[in-house]
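Colleague: Before we rely on any of the labels attached to this predicted model, I would like to go through how they were reached.

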Amino acid sequence: MTGHAATAPALAIGGRRQRRTGSLVAWVILLAGIVYFIVPLIATFAFSLRPTPMTLAYTNVLADPKFSGSLLYSFTVAIITIFASLAIIVPTAFWVRLKVPHLRTAVEFVTLMPFIIPAVILVFGIIRVYSAKPFVFTRTEFGSDALLVAAYVVLSFPYMYRAVDTGLASIDVRSLTEAAQSLGAGWPRIIVRVILPNLRTALLSGAFLTFAIVIGEYTIASFLARNNQFGVYLSLLGQNKAFEPAAVSLISFGLTWLAMIVIALIGRGGRDRIQITAAH
Amino acid sequence: MSFLELTGIQKHFGPVVAVEDFNLAAEKGEFVSFLGPSGCGKTTTLRMIAGFEIPTAGTIRLDGGDITNRPPNRRNVGMVFQSYALFPNMNVADNVGFGLKVRKRPSDQIRKRVGELLELVHLGKMGPRYPYQLSGGQQQRVALARALAFEPEVLLLDEPLSALDAKIRVSLRQEIRAIQRQLGITTVYVTHDQEEALSLSDRIVVMSEGRIEQIGTPFEVYNFPTTGFVASFVGTLNVLPAAVVDAGAGRLSVGGQEFRISRPVEARAGDTISLALRPEMVTLGSGPDGSNVLRGTVADVSFLGSIVRMRIRIAEGVVVTLDVFNEPTLVLPQLQEPITISFPAEGPLVLESVPVAGPDLLAAGA
């Protein structure tokens, strides 16, 4: 009995020490992460302030119509890509989980293809197929824009499919679908009213990733001669100017975060609406 | 013509036969339970009625109309799932009103009907709550209200109480039965719990390996099982290997102790047959005149609250279980104590498909 009483506080002290060491390691890792993330931003910011006056790089960039034009173009392409990707991935992932779960691995493999096939191969394939009859898309602006979106949709597959599939795994898709069916709902209502609202977080994370990829993409856009894509504009700017690319990088970084916050707020807005309905 | 008819229903999943030659005619307002062990085809049959599975062969008719190939959303059949399947993004009121919204009923009518249904399941003030804010029992009540709200022609329940604790299970099953009687809705209930099936149903369909073993009232299924499987699955059962002494007179023996049953036996003298004997048919002591008497020793005594279960060894490898009601004056016998038990000649049933070397006591769900 005495032995137990003596060892218990010793064990407790040992446990506390272990916990303290563990939390110290966690803090060190967190700090290292913050430094890794923040230092390049601070360095870029410091570099962008070198000209005289200090804000010259920023005023030049903001005065350049190509900057706002390319940013608007890329934002538009990103939003269209997100919706197109969702329109393809959500029904596919839903159907695979519900009706053909044995094909899940195969479908997942197909969605991972953009990781295996480099973007440059993809864009050469697109140009080869869609610049000759019967599908001549590359000769018009609209056609090239459509090809750009289509290529980005393919690039978004690995992120979007995984996000949606994880979201579907967190709900009982089969039972919810069958419950809705037994209550008289058809497929469109089941997807829009039952499945999609329960995938909100998954859809948002898929949308964030797609947005981030599209904004900074260079290879496909440059080969399709989409010079107003933000990634291409940034690259061209870097070839001619010293401080402006740093300013553009920071502004675009801020704007991208702002856009993501807006998407998140739109998502949260939907949830609030549900709760307001509940309060009636 | 019956209200719900399943004729010659078969369901194959590749080479696996899930349901074989299933025939059932349920009347309007009847409460029918499908009872059987896991994998016996009861849920598959229910899913075929709901429209989630299409039969490989056979027809399903509802109120005279053939619904065999009709999609589930056009069958007007309400379903309650084991996992509740409430829509997490909708509150209780929206869940219950979903079927009515699909049918484009006016909003004031929906509000009124949702209120009625929530009162019916004793959740009148829970409308604004979300499923995650409710207990399991409350969630299943919401699911029941949702399945009933659009006035379906048939209510299907797929093991609705399996995920709940014992006390809630008993109270909710009484509520389900009361609501079913009140609404007079034809109901098909799937369960592997014999107590649930016996207490709820007008008729029970006992199933095994995709086939119907017996259809009957709870009284018939329990007291007059037609197959060895039903006898062993429904209720607790002693299975005794008995040697035939005089087949015509129904005289048999176990471990050298002779007794008789009320019916002649279709076997020859010297053959060994299986006898089924319910624990409640066996009493301690010699019993009234004409009772069969066996002597043995006490192998085990278990106190189960309202009853005391005893196991009496009659011969080597032959043990008879009997239940005695608990009362304060009850004197419990000691282990290995010699004891006499008795049972009426009408008590034992002759089984054909239960092996003689099988367990001495079988209990459903055990």
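**Reading the labels**

Modeller: In this predicted model, helix α8 (residues 173-182) of chain A packs against helix α9 (residues 187-195) of chain A at an angle of about 125°, and their axes are 10 Å apart.

Colleague: Why is α8(A) called oblique to α9(A)?

Modeller: Roughly perpendicular ends at 115 degrees and roughly antiparallel begins over 145; the angle of about 125° falls under neither heading, and therefore α8(A) is oblique to α9(A). The crossing of α8(A) past α9(A) is right-handed.

Colleague: Which residues make the contact, and how many of them are nonpolar, polar or charged?

Modeller: From α8(A) come A:Val173, A:Leu176, A:Thr177, A:Ala180 and A:Gln181, while α9(A) contributes A:Trp187, A:Ile190, A:Val194 and A:Ile195. By class, the contact of α8(A) with α9(A) has 7 nonpolar and 2 polar residues, with no charged ones.

Colleague: What makes B:Glu159 and B:Lys42 a salt bridge?

Modeller: The N to O distance between their side chains is 3.9 Å, which lies within the 4 Å cut-off, so the pair qualifies. Because B:Glu159 lies in the loop between β7 (154-158) and α5 (166-183) of chain B, and B:Lys42 in helix α1 (residues 42-50) of chain B, the pair ties together parts that are 117 residues apart in sequence.

Colleague: Which elements of chain A have the lowest and the highest mean pLDDT?

Modeller: Helix α13 (residues 244-279) of chain A has the lowest, at 68, and α8(A) the highest, at 95. Over residues 270-280 of chain A the pLDDT is below 50, and where pLDDT is low, the predicted coordinates should not be read in detail.

Notes:
Residues are numbered from 1 along each chain as its sequence is written. Chains are lettered from A and ligands numbered from 1 in the order in which they are written. This is a predicted model: local features need pLDDT of at least 70, side-chain atom pairs count only at pLDDT 80 or more; totals for chains, interfaces and linings use all residues. Side-chain values use heavy atoms; hydrogens and water are left out. pLDDT is the predictor's confidence in each residue, from 0 to 100. Helices (H or I, at least four residues) and strands (E, at least two) are DSSP runs, numbered from the N terminus. Contact means heavy atoms within 4.5 Å. Axes are lines fitted to C-alpha atoms, for helices over the stretch in contact, and angles run from 0 to 180 degrees between N-to-C directions. Angles under 35 degrees count as roughly parallel, over 145 as roughly antiparallel, 65 to 115 as roughly perpendicular and the rest as oblique. A crossing is left-handed if the near helix is turned anticlockwise from the far one by less than a right angle, and right-handed if clockwise. Ala, Val, Leu, Ile, Met, Phe, Trp, Tyr, Cys and Pro count as nonpolar, Asp, Glu, Lys and Arg as charged, and the others, Gly among them, as polar.
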